[in-house]
Amino acid sequence: MESNFTTKDVYLNHFNPRTYLQTYYTFGPGPSNESQILMHILKKLSETFSSGRVKGDLLIDIGTGPTIYQLLSACESFKEIVASDYSDHNREEFNHWLKKEPEAFDWSSVVKYVCELEGDREKWTEKEEKLRKRVKQVLKCDITQSQPLDPVSLPQADCLLVTYCLESACKDLPTYDQALKNLSSLLKPGGFLVILSALKCSYYMVGDQRFSNLFLTQEEIKAAIEKAGFISEQSEIIPELYSRAYTDNEGALYSVGRKPNK
Ligand code: SAH
């Protein structure tokens, strides 16, 4: 299994951000698998960040990739957001959107959907502007390092958000456990850890390129979160599948954990 593991240099050189976005984040009016699962994820994120409980000064998004969907509800509850990813091309793609460059991916239908969930579909341009203002930095990050944002040091965050990054970056469960511990150092005591994980997924495709994924069950993910010292507050299955042409996931897991107050 390990021999098929996708190493970091593959993310640097062969992860095509455009193809990834077009494959998994084309949000059409039709009922595609990808749209269905994305809608469910956006609902969960909106519930979390509209609850009034998960808020604060700083949210760090780990393994942001080229996507912004995960930040659309969060930007209402945090003053500052820091995005981060290992891949230079993914940070570049994210920056295209942030800086409103002409080649940026069009997220408008996703933004409109989130605004509708939050009660006002018409406010989507304001939300885009708000998110752009809240994102203060886009940093290099490596979750396998003890200081994932090294050499940058940030104040400990009120919330860490990790969508589909841990299971693609970690080759086995011990590495996954260690990565969670590495991330914990970035979070304040009492801070929230929000994780979206692909469930029972062994690979995913980005165009012709295959990426390995650590096969994990709900029980394994919950146990890893607790083993890293977090209190697990929510562990909810999102049952939708991506198209079978792209990946073999059996749904996703939406987890909210909390770092204990000392
Ligand atoms: N968060 C996005 C992207 C997930 S794809 C989404 O929800 O769709 C997985 C991401 O993890 C890629 O952007 C990849 O560059 C990043 N990644 C892979 N290895 C990493 C590592 N060691 N540290 C940080 N990010 C990593």
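Contact here means heavy atoms within 4.5 Å. The exercises below use a predicted model.

## Exercise 1: Cover on helix α4

Find how many residues of helix α4 are buried, and what covers them.

Solution.
- Step 1. Set the range. Helix α4 takes in residues 88-98.
- Step 2. Apply the cut-off. Buried means under 20% relative accessible area.
- Step 3. Count. Eight of the 11 residues in α4 are buried, and the helix is mostly covered.
- Step 4. List them. The buried residues of α4 are N90, R91, E93, F94, N95, H96, W97 and L98.
- Step 5. Look for contacts. The cover on these buried residues includes α2, β2 (78-85), α6 and β3 (135-140).

## Exercise 2: E128 in helix α6

Decide whether E128 is buried or exposed, and list its contacts beyond four places in sequence.

Solution.
- Step 1. Place the residue. E128 sits in helix α6, which covers residues 124-134.
- Step 2. Check the accessibility. E128 has 11% relative accessibility, so this residue counts as buried.
- Step 3. Drop the neighbours within four places in sequence. E128 then touches W97, W107, S108 and V111.
- Step 4. Tie this to Exercise 1. W97 is one of the buried residues of α4, and α6 is among the elements that cover them.

## Exercise 3: An aromatic pair

Classify the ring pair of Y24 and Y242.

Solution.
- Step 1. Choose the descriptors. A pair of aromatic rings is described by the distance of the centres and the angle of the planes.
- Step 2. Recall the cut-offs. Rings pair if their centres lie within 6.5 Å, and planes over 60 degrees apart count as edge-to-face.
- Step 3. Count the pairs. The protein has 16 aromatic pairs by this rule.
- Step 4. Classify. The ring centres of Y24 and Y242 are 5.5 Å apart and the planes stand at 90 degrees, so this pair is edge-to-face.
- Step 5. Locate both ends. Y24 belongs to helix α2 (residues 17-24), and Y242 to the loop between β8 (231-238) and β9 (252-258). The two are 218 residues apart, so the pair links distant parts of the chain.
- Step 6. Check burial. Y24 is buried at 5% relative accessibility. Y242 is buried too, with a relative accessible area of 7%.

## Exercise 4: Backbone exceptions

Identify what is unusual in the backbone at P151, K100 and K200.

Solution.
- Step 1. State the expectation. Most residues other than glycine have a negative phi, and most peptide bonds are trans.
- Step 2. Check omega. The peptide bond from D150 to P151 is cis, with omega near 10 degrees. P151 is in the loop between β3 and β4 (157-163).
- Step 3. Check phi at K100. The value is near 55 degrees, which is positive, and K100 is not a glycine. This residue lies in the loop between α4 and α5 (108-117). K100 is exposed, at 55% relative accessible area.
- Step 4. Check phi at K200. Here phi is positive, about 45 degrees, again without a glycine. K200 lies in the loop between β5 (187-198) and β6 (203-206). With a relative accessible area of 32%, K200 is partly exposed.

## Exercise 5: Two residues and their partners

Describe the surroundings of Q209 and S146.

Solution.
- Step 1. Place Q209. This residue is in strand β7 (residues 209-212). Q209 is partly exposed, at 26% relative accessible area.
- Step 2. Find the partners of Q209. Beyond four places in sequence, Q209 contacts V10, H14 and Y204. The C-alpha atoms of Q209 and V10 are 9.4 Å apart, across 199 residues of chain.
- Step 3. Place S146. This residue is in the loop between β3 and β4. At 54% relative accessibility, S146 is exposed.
- Step 4. Find the partners of S146. Beyond four places in sequence, S146 contacts N182 and S185. Its C-alpha atom is separated by 7.8 Å from that of A179, 33 residues away along the chain.

## Exercise 6: The whole fold

Judge how compact the protein is for its length.

Solution.
- Step 1. Count the elements. The protein has nine helices and nine strands.
- Step 2. Compare the radii. The radius of gyration is 17 Å, close to the 18 Å from the globule rule for 262 residues, so the protein is as compact as a globular protein of that length.
- Step 3. Add the burial. Of the 262 residues, 53% count as buried.
- Step 4. Add the contact range. Among contacts with a separation of 6 or more, 73% join residues 24 or more positions apart.

Terms used:
Residues are numbered from 1 along each chain as its sequence is written. This is a predicted model: local features need pLDDT of at least 70, side-chain atom pairs count only at pLDDT 80 or more; totals for chains, interfaces and linings use all residues. Side-chain values use heavy atoms; hydrogens and water are left out. Helices (H or I, at least four residues) and strands (E, at least two) are DSSP runs, numbered from the N terminus. Buried means under 20% relative accessible area, exposed over 50%, partly exposed in between (1.4 Å probe, protein chains only). The radius of gyration is taken over C-alpha atoms; the globule rule is 2.2 Å times the number of residues to the power 0.38. Rings of Phe, Tyr and Trp (its six-membered ring) pair if their centres lie within 6.5 Å; planes under 30 degrees apart count as stacked, over 60 as edge-to-face and the rest as tilted.
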